[in-house]
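Biologist: I'm new to this one. Can you put it up and walk me through it?

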Amino acid sequence: MEDSYVLQLQEPKFREFYLSYSGYAQCGPLHCYGPASRPHYLIHFVVKGKGMYQVSGQKHYLTAGQGFLIEPGTQTFYQADKDDPWSYLWIGIGGTNAGKYIRDIGLNSEQLIFRSESGEELKKIVLDILKHTESTTSNLYYLQGRLYDFFSVLTKDVVIDTYLGNSKEKKYRSESKYGAYIKEAMAFIKNEYACGIGVQELAEHLNVNRSYLYTIFMNELHISPKDFLQKYRITRARELLVLTELSVESIGKSCGYGNAERFARAFKHETGLTPTQFRRQDRSKNRRNLEVSEDGLEQLINS
């Protein structure tokens with residue numbers, strides 16, 4: 001379960017650095033997202049509660065005041081804590097200079113976790129972004145300014161974390177027995193999922209049998225390779241349904257499903273909705289959320 005407010009910008013006005021989406025979510029116990037890869041950089045900041053962020057076989061346990069970076073095309077998974085589920089805000093950015101601005105904060109592929117004492121400022125900026133929903137020229141310039149404000153706050157006081165949550169372990173643990181297999185599997189899935197690969201093709205790529213592949217995934221990711229592939233494809237399909245105007249059939253094919261019927265069955269199995277129902281519901285929900293009063297949004301974020 002997730003109670004969220006999301007703003008998505010379909011057509012960026014700026015090219016070098018722009019806001020693609022922003023949001024705030026209160027998550028229920030063990031609510032998760034992924035496994036998935038994203039087309040843009042995303043910065044998440046934990047407002048309260050706890051959760052886990054997993055990337056490249058590494059798990060990072062985060063609490064309020066910490067944040068994490070998701071890089072474009074990188075396989076990630078994150079989940080709210082069972083007893084103290086997190087609430088977080090996020091912004092997604094794109095553009096030819098987006099990577100440069102991310103590095104200005106001190107974040108990169110080796111430094112994904114950070115802390116900031118300016119959570120209230122970040123929250124106010126995102127709250128303000130979520131109130132400016134009209135796609136007018138004036139609003140687009142205003143949102144661009146707030147994006148720079150967000151980065152100004154982070155470059156002012158961000159601290160790069162070298163520890164996992166509150167533990168004393170180094171952020172990057174020594175690679176596990178199956179770590180190299182998982183990294184190679186993630187790269188293969190990211191590059192080939194659209195081609196309709198299955199468990200057999202993945203096992204052959206890793207040069208292991210299907211039984212050993214199952215052991216690897218269960219030990220490292222606690223999910224079977226078959227289920228992982230399906231969840232990856234459906235998560236990517238959900239993003240395309242929300243962020244693009246592509247037809248359902250085109251989205252199914254781009255996610256590795258040979259025909260629309262097979263895609264619809266898999267999608268409904270994972271989400272309980274058909275792709276068309278999901279697209280309609282998501283956009284309707286976001287429209288309702290973004291039309292709430294200022295007090296209503298403040299109440300959600302401050303609760």
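Biologist: Let me start with a detail. Which residue stands opposite Thr 76 in β8?

Modeller: Ala 36 stands opposite Thr 76. One caution before we go on: this is a predicted model.

Biologist: Noted. Which strand pairs with β8 over 3 bridges?

Modeller: That is strand β3, residues 32–36. The pairing of β3 with β8 is antiparallel.

Biologist: And how many bridges join β5 to β8?

Modeller: There are 5 bridges between them. Strand β5 covers residues 50–55, and the two strands run antiparallel. Tyr 53 has Tyr 78 in β8 as its bridge partner.

Biologist: Is β8 enclosed or open? Why?

Modeller: Strand β8 spans residues 76–80, and 4 of these 5 residues are buried, so the rest of the structure largely encloses it.

Biologist: What's the strand order in that sheet?

Modeller: The order is β3-β8-β5-β6. These 4 strands form an open sheet with antiparallel pairing. The edge strands are β3 and β6 (58–63), each pairing on one side only. On average, neighbouring strands in this sheet are turned by 15° against each other, ignoring direction.

Biologist: How many bridges does β5 make with β6?

Modeller: 6 bridges join them, and the strands run antiparallel. In β6, Leu 62 is the bridge partner of Gly 51.

Biologist: Different strand now. How many residues of β2 are buried?

Modeller: 10 of its 10 residues are buried. Strand β2 runs over residues 18–27 and is mostly covered.

Biologist: Which strand pairs with β2 over 8 bridges?

Modeller: Strand β9, residues 87–94, in the antiparallel sense. Within that pairing, Ser 22 stands opposite Ile 91 in β9.

Biologist: Let me step back. How many helices and strands are in the chain?

Modeller: The protein chain has 11 helices and 11 strands. It holds 303 residues, and 51% of them count as buried.

Biologist: What share of contacts links residues 24 or more positions apart?

Modeller: They make up 73% of the contacts in the chain that have a separation of 6 or more.

Biologist: Give me an example of residues that are distant in sequence. How far apart in space are Leu 7 and Val 126?

Modeller: Their C-alpha atoms are 9.8 Å apart. In sequence, 119 residues separate them. Leu 7 is in strand β1, residues 2–8. At 3% relative accessibility, Leu 7 is buried.

Biologist: Val 126 is in a helix, right? What does it face?

Modeller: Val 126 belongs to α2, and is one of the residues in the contact of α2 with α3. From α2, the contact also includes Leu 122, Ile 125 and Ile 129. On the α3 side, Leu 143, Phe 150 and Val 153 are among the residues met. By type, the contact residues divide into 9 nonpolar, no polar and 6 charged.

Biologist: Parallel or antiparallel, those two helices? And why?

Modeller: Their axes cross at roughly 170°. The cut-off for roughly antiparallel is over 145 degrees, so α2 and α3 are roughly antiparallel to each other. Helix α2 covers residues 119–131 and α3 covers residues 137–157, and their axes come within 10 Å.

Biologist: And at what angle do α7 and α9 cross?

Modeller: Roughly 95°, with the axes again coming within 10 Å. That makes α7 roughly perpendicular to α9. Helix α7 is residues 225–243, and α9 is residues 260–271.

Biologist: What kinds of residues make that contact?

Modeller: They divide into 6 nonpolar, 3 polar and 3 charged. Among them, Ile 234, Ala 237 and Leu 241 come from α7, and Phe 263, Ala 266 and Phe 267 from α9.

Biologist: What does Val 248 touch?

Modeller: Leaving aside neighbours within four places in sequence, Val 248 is in contact with Leu 241, Phe 263, Pro 275 and Thr 276. Val 248 sits in helix α8, residues 248–254. At 22% relative accessibility, Val 248 is partly exposed.

Biologist: Last topic, cysteines. How many disulfides are there?

Modeller: A search of the whole structure finds 0.

Biologist: Cys 195, then: buried or exposed?

Modeller: Cys 195 is exposed, at 58% relative accessibility. Cys 255, with a relative accessible area of 0%, is buried.

Conventions
Residues are numbered from 1 along each chain as its sequence is written. This is a predicted model: local features need pLDDT of at least 70, side-chain atom pairs count only at pLDDT 80 or more; totals for chains, interfaces and linings use all residues. Side-chain values use heavy atoms; hydrogens and water are left out. Axes are lines fitted to C-alpha atoms, for helices over the stretch in contact, and angles run from 0 to 180 degrees between N-to-C directions. Angles under 35 degrees count as roughly parallel, over 145 as roughly antiparallel, 65 to 115 as roughly perpendicular and the rest as oblique. Contact means heavy atoms within 4.5 Å. Ala, Val, Leu, Ile, Met, Phe, Trp, Tyr, Cys and Pro count as nonpolar, Asp, Glu, Lys and Arg as charged, and the others, Gly among them, as polar. A disulfide is a pair of cysteine sulfur atoms within 2.5 Å. Buried means under 20% relative accessible area, exposed over 50%, partly exposed in between (1.4 Å probe, protein chains only). Two strands pair if DSSP finds at least two bridges between them.
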